[in-house]
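Me: I'd like to learn how to read a model like this one, feature by feature. Can you walk me through it?

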Amino acid sequence: MASHDRPRVTAERTDKDLQREKRKIDEYRSLVERIETRVAEGGSEADVLDLTSDLLSRNPEYYTVWNHRRRLLLRYLEGGDTSNDASVDPNNKQASPQDYLLDDLRFLIPLLQQFPKCYWVWNYRLWILEQIERYLPRQQADSCWQRELDLVAKMLARDERNFHGWAYRRIIVDQLERLAQEAVHGEEGAGQGSRSQEEFDYTTKMIHSKLSNFSAWHYRSKLIPRILDEQEADDTARRKVLDDELDLIQNALIDPNDQSLWFYHQSLMYTIAPDCPRDSAIVLTLTNTDRVHYYEQEISRIREILEDWDDCKWVYQALLKYAAEYQTLDAGSKVYSNTDMRTWLSKLRQLDPLRSGRWDDLEKHLDLST
Amino acid sequence: MSLVAGPGRGGATQATESVPLVMDKHIKYIQDLNERKDEYEYWLTEHLRLNGIYWGLTALHLLRHPDALPRAEVLDFVIDCMHENGGFGAAKGHDPHMLYTVSAVQVLATLDAFDEFNQQVGDGTNKVGHFISNLQVREGVDAGTFAGDEFGETDTRFLYGALNALSLLGMLPLVDVPLAVEHIQKCQNSDGAYGLRPGGESHAGQVFTCVGALAIAGRLDLVDRDRLGEWLSERQLPNGGLNGRPEKREDVCYSWWVLTSLAMIERLHWIDGQKLIDFILGCQDPDIGGISDRPGNMVDVFHTLFGIAGLSLLKHPGLEEVDPVYCMPKLVTSKFLTGTTTKS
Ligand SMILES: [Zn+2]
């Protein structure tokens, strides 16, 4: 796409540079031309596929060439091509649909590693997997989908925040769950074939290897309500999960400078709110007394963090945010005073001047202006 | 016609302290992009040609030089990218796709050329409208969203693009807007921000597409403005630039997507505008023009547009006012949208 992370260089190009560049351009353009000509002529798969492999390895953003590749494969898979047969393989062995599709999965691996942010590569890979399911035996398709999970785990081990990687992982998990459901067709039951627990364990592993992983925390927040529903968890179990997660995040907040942790804490507190949607909820039977209890517990735990970190803006921000929410709960007495809130706000203003307009609004909202 | 090329050669490695906006350099930089066929990157970026025209042309309009490109040549280029089915490819001979079709409509609107387009291509705008509306997914778990092309990949970027282009064409009734809105709501997370698909992690680019689409649909009431505003305002880093997700580095393009989302929900004052202006100005190449992702990096037309659009939204003097929903000059969008959609 556009250029990112490329340092500005000022050196003039020498004649030699220009020549080298010209050679590269000529080579590239003649490759493009050859592909266009062969595609227009309806050339045989093996031949054109090789050319597109060459081009896409140089430029995986060339989406039209990915489409040429799709159309060629479809023509072959649907048996509409007559030009191939003998010419497919120089050794005159006929390549099977299986060879083509599995070869493509292998061809894409180095491209994904080299261009992990290219949408077209990820999408093409999903398309190939769909064709595998359509054209190859069920068992083989199942194991291909299954292996994708290992691939994406490797990609995320290289870059634990790759946005495409996480999105791809969720798609693969959906597919695996669908396959599992189809396999047990007829046996009813919530969470049949669900991978939520395995995925939850995966986020635990990722978080333990590095706490500041917003992607993993996010995924976790989506999985918990699902798991509880699938297990048909009772009230005690649900309350235990909420308490355990709050303990986990409070322990992580030993270093409160990490915003991922605060966003996760916030997402847990969100589940306590009276207007939390059912599909995000953890405990389903919260009373106002329960809510008051959770807010008081969390506000006092966060205040304790202040003892070691009185210069971390996130702590003040969380205290004020939860204080504002706590106020709507109609708690009898407050666990903090207006003076406390004024102190927090003035520390926040001092520590985070970039967002002073937001703190002005907050001051008005909390009715703290004097 | 091409306004996309690789970074090529840079001028000054770093803008010095408090550089002014080098308007003339930026204009010349964009005009010269058409002359860079001796660079390998020029050829590698062919898949972005039509987007490049939109980026460059819009930047020039915001720089108040709407006639800096040869109008007829631009129009011819755009028409050459069109397919019989009403979709546009990135360049002549490239497959039709939502991303380029939206750019084509934006360029035609900016040139005020819908009538000329229809004269040259029989039933042109109707065909374009139908190409887009046929890509809406009407049922199933993804109901409401849009595919990018016949191969069916869906993404909120395509949904936003569809509503953007159809509203400019006055053809929103061709699609099921309430269904699209339902899909967007499924992409919302508890932090108030939005992901690529339901369940996806919040991301500033997706926030822009989802909030922008809701703005066009007239449904900004569905946004949790305070929560989203909090998440967005935390994208600003101490150097003034904004990132796209927690713990990521600042970038001029993400700065635009966050900034415009803040503008749409009336929380622009939740970040430090002056520091962002200084950051963007510091990303200029003061010798050859153009703006880069971060100070000291190679410039390109994509970051040049989003840098200038950001400055415009922050009311930097000398620039035309930008419409935050469309990333087009307000003068242009107000011509096509009769006051029903772009409340910002
Ligand atoms: Zn960028």
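Reply: Sure. Let's start with how the elements are named: helices (H or I, at least four residues) and strands (E, at least two) are DSSP runs, numbered from the N terminus. With that, we can place Glu247(B) in the loop between α11 (225-233) and α12 (252-264) of chain B. Keep in mind that this is a predicted model.

Me: Okay, what is the phi of Glu247(B) near?

Reply: The general idea is that most residues other than glycine have a negative phi. Glu247(B) has a positive one, near 70°. As for its surroundings, Glu247(B) counts as partly exposed because its relative accessibility is 33%.

Me: Which loop holds Lys315(B), and is Lys315(B) buried or exposed?

Reply: Lys315(B) sits between α14 (301-313) and β3 (322-323) of chain B. Its relative accessible area is 64%, so Lys315(B) is exposed. Lys315(B) is not a glycine either, yet its phi is positive, about 65°.

Me: Now helix packing. At what angle do helix α4 and helix α6 of chain A pack?

Reply: Two packed helices are described by the angle between their axes and the distance between the axes. For α4 (residues 97-114) and α6 (residues 138-158) of chain A, the angle is about 5° and the axes are 12 Å apart. Angles under 35 degrees count as roughly parallel, so α4(A) and α6(A) fall into that class, roughly parallel to each other.

Me: Which residues of α4(A) meet α6(A)?

Reply: From α4(A) come Gln98(A), Leu102(A), Leu105(A), Ile109(A), Leu112(A) and Gln113(A). Facing them in α6(A) are Gln140(A), Cys144(A), Leu151(A), Met155(A) and Arg158(A). By type, the residues of this contact split into 7 nonpolar, 3 polar and 1 charged. When you look at lists like these, remember that an α-helix has 3.6 residues a turn, so residues three or four places apart point the same way.

Me: Leu108(A) is in α4 of chain A too. What does Leu108(A) contact beyond its neighbours within four places in sequence?

Reply: Its contacts there are Trp66(A), Val121(A), Tyr124(A) and Arg125(A). Leu108(A) counts as buried because its relative accessibility is 0%.

Me: And Leu246(A): where does Leu246(A) lie, and which residues does Leu246(A) touch?

Reply: Leu246(A) is part of helix α10 (residues 235-252) of chain A. With 0% relative accessibility, Leu246(A) counts as buried as well. Setting aside residues up to four places away in sequence, Leu246(A) touches His265(A), Leu268(A), Met269(A), Tyr294(A), Gln297(A), Glu298(A) and Arg301(A). Take His265(A): 19 residues along the chain from Leu246(A), with 7.2 Å between the C-alpha atoms.

Me: How should I read a nonpolar core, and how many residues are in the largest one?

Reply: In soluble globular proteins, nonpolar side chains tend to be buried together. Here the largest nonpolar core has 237 residues, and Phe88(B) and Tyr194(B) have the most contacts inside it. The helix that gives the most to this core is α13 (residues 313-327) of chain A, with 10 residues.

Me: What about a whole helix? How many residues of α7 of chain B are buried?

Reply: Helix α7 (residues 124-133) of chain B has 7 of its 10 residues buried, so you can call it mostly covered, taking buried as under 20% relative accessible area. The buried ones are Gly124(B), Thr125(B), Val128(B), Gly129(B), Phe131(B), Ile132(B) and Ser133(B). They pack against α5 (98-110), α6 (114-120) and α8 (156-169) of chain B.

Me: Let's do the interface. How much area do chain A and chain B bury between them?

Reply: The size of an interface is often given as the accessible area lost when the parts come together. For chain A and chain B that is about 6000 Å², with 51% of it on carbon and sulfur atoms. Arg8(A), Phe163(A) and Leu354(A) supply 15% of the area that chain A buries against chain B, more than any other three residues. Counted by contacts, 59 residues of chain A meet 77 residues of chain B.

Me: One more: where is Asp310(A), and what does Asp310(A) touch?

Reply: Asp310(A) is in the loop between α12 (288-308) and α13 of chain A. Not counting residues up to four places away in sequence, Asp310(A) touches Tyr316(A), Lys347(A) and Leu351(A). Asp310(A) and Lys347(A) are 37 residues apart in sequence and 8.8 Å apart in space, C-alpha to C-alpha. With a relative accessible area of 46%, Asp310(A) is partly exposed.

Methods:
Residues are numbered from 1 along each chain as its sequence is written. Chains are lettered from A and ligands numbered from 1 in the order in which they are written. This is a predicted model: local features need pLDDT of at least 70, side-chain atom pairs count only at pLDDT 80 or more; totals for chains, interfaces and linings use all residues. Side-chain values use heavy atoms; hydrogens and water are left out. Axes are lines fitted to C-alpha atoms, for helices over the stretch in contact, and angles run from 0 to 180 degrees between N-to-C directions. Angles under 35 degrees count as roughly parallel, over 145 as roughly antiparallel, 65 to 115 as roughly perpendicular and the rest as oblique. Contact means heavy atoms within 4.5 Å. Ala, Val, Leu, Ile, Met, Phe, Trp, Tyr, Cys and Pro count as nonpolar, Asp, Glu, Lys and Arg as charged, and the others, Gly among them, as polar. A nonpolar core is a set of buried Ala, Val, Leu, Ile, Met, Phe, Trp, Tyr and Cys residues joined through side-chain atoms within 4.5 Å. Buried means under 20% relative accessible area, exposed over 50%, partly exposed in between (1.4 Å probe, protein chains only). Buried area is the accessible area (1.4 Å probe) that two parts lose on being put together, summed over both.
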